[in-house]
Protein chains: 2
Amino acid sequence: MLNFSFHNPTRIVFGKGQLQELDTLVPSDARVLVTYGGGSAKRTGVLDRVKRELAKSGRVVFEFGGVEPNPQFATLMKAVEIVRKENVDFLLAVGGGSVMDGVKFIALAARPGEFMGRELELLKPGRPQVPVDTALPLGTVVTLPATGSEMNCGAVISNGEDKVVIKSPLVFPRFSILDPELTFTLPEKQVANGVVDTFVHVVEQYMTYPVEGRLQDRFAEGILHTLIEVGGKTINEPADYDARANLVWCATMGLNGLIGAGAPQDWATHMISHELTALHGVPHGRGLAAILPGVWRVRKEQKGAKLLQYAERIWNIVDGSDDERIEQAILKTEEFFHGLGVKTRLSDLGIGEEHFDAIVASLEKHGMTALSERGDMTPEVSRQVLQASR
Amino acid sequence: MLNFSFHNPTRIVFGKGQLQELDTLVPSDARVLVTYGGGSAKRTGVLDRVKRELAKSGRVVFEFGGVEPNPQFATLMKAVEIVRKENVDFLLAVGGGSVMDGVKFIALAARPGEFMGRELELLKPGRPQVPVDTALPLGTVVTLPATGSEMNCGAVISNGEDKVVIKSPLVFPRFSILDPELTFTLPEKQVANGVVDTFVHVVEQYMTYPVEGRLQDRFAEGILHTLIEVGGKTINEPADYDARANLVWCATMGLNGLIGAGAPQDWATHMISHELTALHGVPHGRGLAAILPGVWRVRKEQKGAKLLQYAERIWNIVDGSDDERIEQAILKTEEFFHGLGVKTRLSDLGIGEEHFDAIVASLEKHGMTALSERGDMTPEVSRQVLQASR
């Protein structure tokens, strides 16, 4: 097991009707900016319920809607202006990963200080930690289970075609309200993308090489088993509370730092897929599903021991040569994605070989030249992955 | 899945050589009371290493040794006096569950205020939450993996023959250093007790009735699998780093609130076993091993669905009637304990039927008259458990 440090101070308030805890969780004298996305929070009535809860104490509430999927720097800076102008002192995200990520950026950028006017520096690629020492406190009300942003301190922010991962312990949400019922109205496709996103978050922290992190492996496998059990059901029966509750909790536990603590991590699938989103507008979950099988096929030597463990423990595959079992496990994974209505080929996304040069060039531009758990995945290997994902 | 709230702000610093992080983790101007147990921290040199780390900045360090297993109120009050006299403002526990639990009590009792002179009120039985609003900050250096106290806010404190569970979010450790190498010198028996203690912590939160907490079940099963894999090895090869590291991490994850969040909880085995410790001086782990099989046999109807799930997922038992599979699973569990050198009968502990009246009376005295996940376990049922555990 690798050495690690684990610290996650976010309070999770989970279950039916938990929205009513908002009045307890947000300081009663706060000046709150409620941030949301494209309008579904309004249509479904969640936004009104949030405002009713906040109104129970003497809070001043401002609103900022219109945070797009893959939230853009330019959009978020408009919210930063409101925060500064209105002296907002608490941020509340109502939405999915994009809104939560966006609010984390706002929390870091909005404080007056060295970054005023230079907020773009927060997005300098390759910066592991944002060098600011304060952030506004934030909370979240989750309406889309997928990114795990509700219980971690990372965010993915776009600036034009650049997607940048930022991380700071300052932006762990103070609380996140996870009421599975708030997600019942989601379109099928978004739920499916959430299942895939969570699945891939888990395997990015699992499908590497063995380090005797036995408990970490078991926890990761536990999330995968659960996703496989509930994934189809929660898409087809969106109002089945228990299936959705398990998906929501899987999404949170898949990327809150726990299963990756003490384990090597990959993230190559994410990095390549980010370029598909930036260059071709591919939804995050769809990009992941198209790239993952290619990564596993190209990297089956480096990942062999864990692929075989996965084959046996997740899919009960014990017969055949190593290569055969690995290929069977990859096929089973693709079948699982297909069963959710998610395709697993770049051609399904309309991305042909003629685009591979540009994708690889974009990886290089973003410094993604030594990917994967051992840092040995060069742009040439990424190109092989694209080839294998045609 | 049941509604839940989960919040665990303890920072875990895990791995080889992590003791050197102490200087970063403890405030540099702190007046620190280092608390330890019967002297093994001194003998093994851990205490000296701790003091060397603390001396790297200008801290004033006091010592309090001699916290006994099942720490006594009277002993801890001596430490409280030192804290008050010397204006100690940070508490550091170096040891196992007893020392950590003891320090949590000290943290709550030592603050001047309404409780001065009335500290015994903190131990009023049946009080779910200690009604104080401040506590001294504390950290831990763990030398015995078992109780999970390093990442939770509970403590078990004894006052004579009374064992009382206290809980307060104020006493989550600020940090816990878990270096598996610090535990290599532990006697075999204590390691075995730690394996059993962790195992029973997990099943207290798992072996109840199904609530569609699929992920919680998987996580609990993951800990059980890991304990079964590494338990014997880490006793027989105490310096095998990876086996011990997995035990240490299992012990922490077994009782940090995660696997029980959203799930019903039992704790009857613990409550009965606390009486064995109080009345007969039985080590905690040994008492648990003697009571657990009896609880499962007497409560096999109430726990049937989960016992069958456990039989299949943990022990691969799929043939036979329900009763047969359940009995096989219980026998397998007993075999596992025996393999660790831990007996599973009250007679092995020298406790005959003639003591059962007193044990049941003690449960009644402590208000333990409606135990278990449904509160339907009367003293009469506890007596049946004792009978089944002869």
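## A tour of the two-chain model

Start in chain B with helix 6 and helix 7. Select Glu188(B), Val191(B), Ala192(B), Val195(B), Thr198(B), Phe199(B) and Val202(B) on helix 6. Add the residues they meet on helix 7: Ala220(B), Ile223(B), Leu224(B), Leu227(B), Gly231(B), Thr234(B) and Ile235(B). By class, the residues of this contact are 10 nonpolar, 3 polar and 1 charged. Keep in mind that you are looking at a predicted model.

Now show both helices in full. Helix 6 of chain B covers residues 188-204. The axes of helix 6 and helix 7 of chain B come within 10 Å and cross at roughly 170°. Angles over 145 degrees count as roughly antiparallel, so that is how helix 6 of chain B runs relative to helix 7 of chain B.

**The chain-chain contact**

Keep helix 7 of chain B selected and bring in chain A. The contact takes 32 residues from chain B and 32 residues from chain A. Which elements of chain B give two or more residues to the side that touches chain A? Select strand 1 (4-14), helix 7 (214-236) and helix 8 (241-254) of chain B. Helix 7 of chain B supplies the largest share, 10 residues. Colour this side of chain B by class: 15 residues are nonpolar, 10 polar and 7 charged.

Why do the copies meet through the same surface? Because 100% of the interface residues of chain B are also interface residues in chain A.

Next, look for the symmetry. A rotation of 180°, with 0.0 Å of shift along its axis, superposes chain B on chain A at an RMSD of 0.0 Å. The two copies are therefore related as by a two-fold rotation axis. To find that axis from chain B, centre on Pro9(B): its C-alpha is the nearest in the chain, 2.1 Å away.

**The sheet across both chains**

Select strand 1 in each chain. Strand 1 of chain A (residues 4-14) and strand 1 of chain B run antiparallel, joined by 7 bridges. Pick Phe14(A); its bridge partner in strand 1 of chain B is Phe4(B).

Now widen the selection to the whole open sheet of 12 strands. Its order is 3(A)-2(A)-4(A)-5(A)-8(A)-1(A)-1(B)-8(B)-5(B)-4(B)-2(B)-3(B), and the pairing is mixed. Go to the edges, where you find strand 3 (60-64) of chain A and strand 3 (60-64) of chain B. Each has a single partner strand, so one side of each is left without a neighbour in the sheet. On average, neighbouring strands are turned by 25° against each other, direction ignored.

Zoom in on one pair in chain B. Strand 4 (residues 90-95) and strand 5 (residues 138-142) of chain B pair in the parallel sense over 5 bridges. Val94(B) stands opposite Val141(B) of strand 5.

**Helices on the sheet in chain A**

Move to chain A and select helix 4 (residues 73-86). Helix 4 of chain A lies across strand 2 (31-35) and strand 3 of chain A, at about 165° to strand 2. Then select helix 5 (residues 97-109) of chain A, which packs on the sheet. Helix 5 of chain A touches strand 2, strand 4 and strand 5 of chain A, and its direction makes about 165° with that of strand 4.

**Two domains**

Finish by colouring chain A by domain: domain 1 is 11-182 and domain 2 is 187-388. Their C-alpha centres lie 27 Å apart. Where they touch, 19 residues of domain 1 of chain A are in contact with 23 residues of domain 2 of chain A. The domain 1 side of chain A has 8 nonpolar, 6 polar and 5 charged residues.

Technical notes:
Residues numbered from 1 in each chain as written. Chains lettered and ligands numbered in written order. Predicted model: local features only at pLDDT ≥ 70, side-chain atom pairs only at ≥ 80, totals over all residues. Domains from an automatic or database assignment. Contact = placed C-beta atoms within 7 Å. Nonpolar A, V, L, I, M, F, W, Y, C, P; charged D, E, K, R; others polar. Least-squares fit on C-alpha atoms with pLDDT ≥ 70 in both. Helix = DSSP H or I, 4+ residues; strand = E, 2+ residues; numbered from the N terminus. Pairing = 2+ DSSP bridges. Axes fitted to C-alpha atoms, helices over the stretch in contact; angles between N-to-C directions. Parallel < 35°, antiparallel > 145°, perpendicular 65-115°, else oblique.
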